[in-house]
Protein chains: 2
Amino acid sequence: MNARPKSDAREQLLKAGLSVIREKGYSAMRVEDICDRASLTKGGFFHHFKGKEDFAVASANYWSETTSQFFASAPYHQHADPLDRVMGYLDFREAILKGSIPEFTCLVGTMVQEAYETSPAIRDACDASISGHAAEVAKDIAVAKLLYAPDAEWTPESLALHTQAVIQGAFILAKAKQGPEIAAETIDHLKRYFEYLFKRNCTGSAIA
Amino acid sequence: MNARPKSDAREQLLKAGLSVIREKGYSAMRVEDICDRASLTKGGFFHHFKGKEDFAVASANYWSETTSQFFASAPYHQHADPLDRVMGYLDFREAILKGSIPEFTCLVGTMVQEAYETSPAIRDACDASISGHAAEVAKDIAVAKLLYAPDAEWTPESLALHTQAVIQGAFILAKAKQGPEIAAETIDHLKRYFEYLFKRNCTGSAIA
DNA sequence: GACACAATACCAACTGGTTGGTATTTAATT
DNA sequence: AATTAAATACCAACCAGTTGGTATTGTGTC
């Protein structure tokens, strides 16, 4: 049996990394912080990872896996209409702004700010995570565009990346202002932009 | 003579801080990095600042001063029409995405991500910087709204903060993707949103 | 204007706690 | 027996902050 319990210590370490890095950032994270939270000693940590940077890359990849599963199982995918799926995605992003700030903010958005100049490996892993998620969103946007805004001049890819930028920026504001309220407001603006783009504007309903 | 050169060493230190923190972040910044770039020794550093955290707060405040002067002297203020000033601001934000990434990205947006949990003093200084700048932008937005969208349901304050969120998020994408191009694209989306909000839409011109 | 005196600005060397990483050993699994 | 997983103990480098001292500048006093 259990040919691959695969020692869940590694996953415990990665889970610990997600929370520590989102609290303190990558540089301020100490290897011992991770070990403490995972109830492991340093010897164990260095058995599973080559070093701190290697761990950060693994954390970004683990983040990509867990978040893509999380979004893949989200309810908005059930809508038949692609625009409903897109707007459902935005509603979902807003709805999950719950709990403490480290709980709802983005690991890779935090980490890339610290490591983009000093660690190409970390930067690439963060970029892959953000761009990969954006590409998923872009799929629904592309189909919705064909249906509702076929002649618009923007591309689905750039709109999906813009969406990620808004969300990342919302997290920065949430951190500065100590709460998710402003983040939700900025996603509201993004939703209004989407409504305009997909021609639910010009009916007079959106503007008072 | 020169009763108060006021020792420009302090300002040299602060200037060094702006570049080092934008390159490596706050935690990875070493006091000696600052000293090296300012051609000073550690003794000199600790003469001017109580410690690293105190320096970070001073850096955020220095950033607020220099950027507010920079934006105050920008050409877009000369427009008579408030909406022209608002759109000019966005054009200006896009136009200054030049040079290397540490040169055009935001000090306080970077720093608050690292320090929001661990240093209330730094967080507050970063928040004051972002919110203060947003408040300046909100002034023109408020006047433009009265003229062009008086009944719209959004507030000038929330739109100004949304604008800062987009810009901060654009910086994160620029860091992940190693260049300003995506940042410019996301500001293009923001400009399109503003055109919609201020009723330059509904003419069919924006959408092919 | 000369002198004492005090404050400012800065430097070079040092300290001590922190921390990423290693070497060695022990326990479990196959 | 061999491989993997994890613990204990340790090290060397790093780095924020300290100390003690030296120029330089400003200020009050005679």
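Which residue of chain A comes closest to the rotation axis? I looked this up first and found A:G169, whose C-alpha lies at 2.0 Å from the axis.

**Entry 1: what I am reading.** I note that this is a predicted model, in which local features need pLDDT of at least 70 and side-chain atom pairs count only at pLDDT 80 or more, while totals for chains, interfaces and linings use all residues. Residues are numbered from 1 along each chain as its sequence is written, and chains are lettered from A and ligands numbered from 1 in the order in which they are written.

**Entry 2: the two copies.** I superposed the copies by least squares on the C-alpha atoms of residues with pLDDT of at least 70 in both, and a turn of 180° with a shift of 0.0 Å along the axis lays chain A on chain B with an RMSD of 0.0 Å. The two copies are therefore related as by a two-fold rotation axis.

**Entry 3: chain A by itself.** I counted 10 helices and 0 strands in chain A, taking helices (H or I, at least four residues) and strands (E, at least two) as DSSP runs numbered from the N terminus. Along the principal axes, the C-alpha atoms of chain A fill a box of roughly 65 × 45 × 30 Å. Of its 208 residues, 43% are buried, where buried means that 20 or more other C-beta atoms, placed from the backbone, lie within 10 Å of the residue's own. Among contacts in chain A with a separation of 6 or more, 63% join residues 24 or more positions apart; a contact requires C-beta atoms, placed from the backbone, within 7 Å.

**Entry 4: where the chains meet.** I found 50 residues of chain A in contact with 49 residues of chain B. On the chain A side, the elements that each supply at least two residues include α1 (9–24), α8 (120–148) and α10 (181–197), and the largest share, 16 residues, comes from α9(A). By class this side divides into 25 nonpolar, 14 polar and 11 charged residues, with Ala, Val, Leu, Ile, Met, Phe, Trp, Tyr, Cys and Pro counted as nonpolar, Asp, Glu, Lys and Arg as charged, and the others, Gly among them, as polar. The same surface serves both copies, since 98% of the contact residues of chain A recur in chain B.

**Entry 5: the DNA strands.** Around DNA strand C I found 17 residues, the closest being A:V31, A:G51, B:A9, B:G43 and B:G44; a residue is near a strand if its C-beta atom, placed from the backbone, lies within 6 Å of it. α3(B) gives the most to this surface, with 4 residues, and the classes there are 4 nonpolar, 7 polar and 6 charged. Around DNA strand D there are 17 residues, of which A:A9, A:G43, A:G44, B:V31 and B:G51 come nearest. Here the largest share, 4 residues, comes from α3(A), and the division is 5 nonpolar, 7 polar and 5 charged.

**Entry 6: helix α1 of chain B.** I checked the length of α1 (residues 9–24), whose 16 residues should span 22 Å at 1.5 Å a residue (1.5 Å times one less than the number of residues), and the end C-alpha atoms are 22 Å apart, which agrees. Its buried residues include B:L13, B:L14, B:V20 and B:I21, and what covers the buried residues of α1(B) includes α2, α3 and α4 (52–72) of chain B. Just after α1(B), B:G25 takes a positive phi of about 90°.

Note on methods
Two residues are in contact if their C-beta atoms, placed from the backbone, lie within 7 Å. A residue is buried if 20 or more other C-beta atoms lie within 10 Å of its own, exposed if 12 or fewer, and partly exposed in between; C-beta atoms are placed from the backbone.
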